[in-house]
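Please take a moment to look at the sequence and the structure side by side, and then follow the paragraphs below from one part of the chain to another.

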Amino acid sequence: MSNRPTSPPIGPPGGGDPTKKAINFGPSLKRLLGRLAPDKPMVILIFLFVAISVVLSSIAPKILGNATNLIFEGIVGKQLQPGISKEQAVASLRASGQGKFADMVSGMAVVPGQGIDFGAVGHVLTIVLLLFVCAAVFSWLQAYLLNIVVQRAVRRLRSDIENKINRLPLRYFDSHARGDVLSRVTNDIDNVAQSMQQTLSQLVMSVMSVLAILVMMLVISPLLALIALATIPLSILVTTFIAKRSQKHFVTQWKSTGGINAQVEEAFSGHELVKVFGRQHEVEERFRKQNSELYESSFKAQFISGLVMPAVMFLGNLNYVAIAVVGGVKVASGTMTLGDVQAFIQYSRQFTQPLTQIASMTNLLQSGVASAERVFALLDQDEQSPDPVDADSPAKSEGRVSFEKVSFSYKAEQPLIENLSLTAEPGQMVAIVGPTGAGKTTLVNLILRFYELDSGRITLDGVDIATMARDDLRSRIGMVLQDAWLFGGTIRENIAYGKPDATEEEIQRAAQMSYVDRFVHSLPDGYDTVIDDEGNNVSAGEKQLITIARAFISQPSILILDEATSSVDTRTELLVQSATAVLRNDRTSFVIAHRLSTIRDANLIVVMEEGRIVEQGSHEALLQARGAYYRLYNSQFVGAEI
């Protein structure tokens with residue numbers, strides 16, 4: 001066992017409580033958009049297609065207004081006396097006391113006595129239809145290209161996360177719950193993808209629509225355009241006010257999601273233990289509490305951000321009423337045509353629509369950026385030191401391991417191993433014993449360079465392992481842990497995991513040496529028996545034997561056994577000990593053991609207490625010394641000392 005931290009905090013790294021402050025929204029959004037840079041040409045094309053679609057959609061209402069003018073002018077012209085000019089008709093109306101009607105007619109292109117020109121109306125409608133069809137085609141094209149760009153960006157993000165995890169030091173996983181890390185890699189990335197897919201196109205199109213529509217409104221009537229613009233500052237103020245208050249709840253929502261994933265993963269992984277100790281109610285209560293926290297943060301985030309859209313729609317409706325009233329007055333006075341007023345009202349609705357869309361997407365965008373920041377926090381973690389450019393490698397693989405004044409601690413304020421020196425000669429079996437938390441597993445983890453030393457050095461065949469490439473170092477070491485780990489696949493694949501290019505003969509030889517072959521033939525599919533992800537279709541002892549076979553097939557120069565026989569029965573233990581004795585020939589082996597009966601034949605027994613070597617020697621010599629090893633031995637075979 002080791003002194004590694006066992007109660008990792010759940011939540012974003014770096015200290016502090018992110019729920020008490022808003023995330024750095026602007027830089028995080030900028031960094032997220034920067035992930036699209038590799039597809040810059042396609043992004044430019046998307047912007048171009050969006051611009052074309054918006055321009056075509058914006059021109060259409062103005063042209064459609066001409067059709068309304070043709071219809072209205074035809075209706076009015078039909079009511080006027082035929083055969084006279086428009087000026088004569090206006091004068092006649094004024095003379096008859098119809099001054100307002102005369103003002104309206106003076107502002108229209110009517111022909112007295114002529115009705116609706118359906119041919120002209122049909123021509124205008126055909127043009128408008130073509131404009132809308134072309135706008136829809138370009139809109140579809142930009143959506144198609146955007147989907148490609150976003151999915152590529154997310155694929156690169158997932159690859160970066162995968163590569164990052166492989167470069168993270170073990171310290172990171174010691175201090176972060178697995179469920180939270182999984183939530184960042186899965187839920188948060190999926191949320192980023194969804195947010196980018198749903199917001200990028202709409203945001204770009206909405207902003208361009210606002211600009212295009214604003215130009216058209218200014219062309220039609222500067223006065224009505226000013227009335228329409230009056231709602232923009234109010235919309236921005238409302239959106240900003242609400243967004244600031246909802247952002248912290250989005251951060252809490254995704255933090256709580258990571259926490260609940262960690263709790264579920266922990267409970268499901270240890271569900272048998274939970275049932276054995278009857279702690280179901282405690283687990284359910286913890287889940288209920290965390291689920292309630294997630295509910296509350298999600299409800300507040302969605303409710304508060306959901307106020308944006310109705311607030312902006314209310315301002316848009318007020319704007320619509322003001323434009324309708326002023327536009328009606330201008331038509332009546334003859335200073336605007338009915339078609340222009342109709343087009344402007346349509347523009348005013350289109351003008352508020354993108355503003356409403358932008359407001360409605362703020363909650364989705366905030367949620368996506370909050371997830372992106374959690375992903376970026378993982379990407380920004382300190383990595384393990386890179387391998388040396390000119391890595392050293394032992395000229396001859398003999399298996400001599402030497403600890404030279406090694407000091408190490410998981411936390412700077414809690415020293416674990418101090419000034420430790422130890423040498424394991426080639427072919428020796430070195431047993432490491434001691435109470436729980438003495439640093440036994442830590443010692444072998446340092447050989448594998450899972451952690452960097454605080455001081456001192458460890459050498460392998462005279463070469464400092466800090467100057468070796470990690471892959472080179474670990475390829476020379478075989479390890480069997482106390483907790484057997486198998487992946488979903490066949491028994492053959494699990495054994496060959498130690499040597500991917502192993503032949504069938506090598507696989508069967510390793511299986512025979514580790515006594516896997518003995519039980520494999522009793523299975524219906526033999527070596528092709530598929531083991532599920534949890535390894536539940538083989539016994540605990542059989543799983544351990546398969547992991548030992550995996551170590552056999554790799555033919556390492558150094559063998560590490562961390563309580564490797566703890567899960568097998570006494571008879572199987574004797575078989576495994578015989579097999580490992582053959583494997584240890586001409587190989588250095590480190591054996592961590594609590595059962596001292598398994599290490600009596602060790603060349604060197606190292607007794608550790610509180611990170612220090614308090615005794616070392618052979619089994620007989622240590623018993624004669626009547627020290628720490630003598631007390632451990634008596635506690636198992638003679639009886640606890642009083």
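In this predicted model, the crossing of helix 8 and helix 12 is right-handed. Helix 8 covers residues 222–229 and helix 12 covers residues 308–332, and the two pack at an angle of about 165° with their axes 9 Å apart. Because angles over 145 degrees count as roughly antiparallel, helix 8 and helix 12 are described as roughly antiparallel to each other. On the side of helix 8, the residues that take part are Leu-223, Leu-224, Ile-227 and Ala-228, and they meet Asn-319, Ala-322, Ile-323, Val-326 and Gly-327 in helix 12. Sorted by class, this contact has seven nonpolar residues and two polar ones, with no charged residues.

A second place to look is Arg-167, which lies in helix 5, a helix of residues 118–167. Arg-167 is partly exposed, with a relative accessible area of 36%, and, leaving aside residues up to four places away in sequence, it touches Glu-383 and Gln-384.

Turning to the interior, the largest nonpolar core has 39 residues, and Ile-491, Ile-546, Ile-605 and Tyr-629 are among those with the most contacts inside it. Several elements give two or more residues to this core, including strand 3 (429–433), helix 20 (540–554) and strand 11 (604–609), and the largest share, seven residues, comes from helix 20. Ile-605 touches, among others, Ala-431, Val-433, Ile-599, Leu-622 and Tyr-629, again not counting residues up to four places away in sequence. There is also a second, separate core of 33 residues, which includes Leu-422, Leu-473, Ile-477 and Phe-590.

Key. Residues are numbered from 1 along each chain as its sequence is written. This is a predicted model: local features need pLDDT of at least 70, side-chain atom pairs count only at pLDDT 80 or more; totals for chains, interfaces and linings use all residues. Side-chain values use heavy atoms; hydrogens and water are left out. Axes are lines fitted to C-alpha atoms, for helices over the stretch in contact, and angles run from 0 to 180 degrees between N-to-C directions. Helices (H or I, at least four residues) and strands (E, at least two) are DSSP runs, numbered from the N terminus. Angles under 35 degrees count as roughly parallel, over 145 as roughly antiparallel, 65 to 115 as roughly perpendicular and the rest as oblique. A crossing is left-handed if the near helix is turned anticlockwise from the far one by less than a right angle, and right-handed if clockwise. Contact means heavy atoms within 4.5 Å. Ala, Val, Leu, Ile, Met, Phe, Trp, Tyr, Cys and Pro count as nonpolar, Asp, Glu, Lys and Arg as charged, and the others, Gly among them, as polar. Buried means under 20% relative accessible area, exposed over 50%, partly exposed in between (1.4 Å probe, protein chains only). A nonpolar core is a set of buried Ala, Val, Leu, Ile, Met, Phe, Trp, Tyr and Cys residues joined through side-chain atoms within 4.5 Å.
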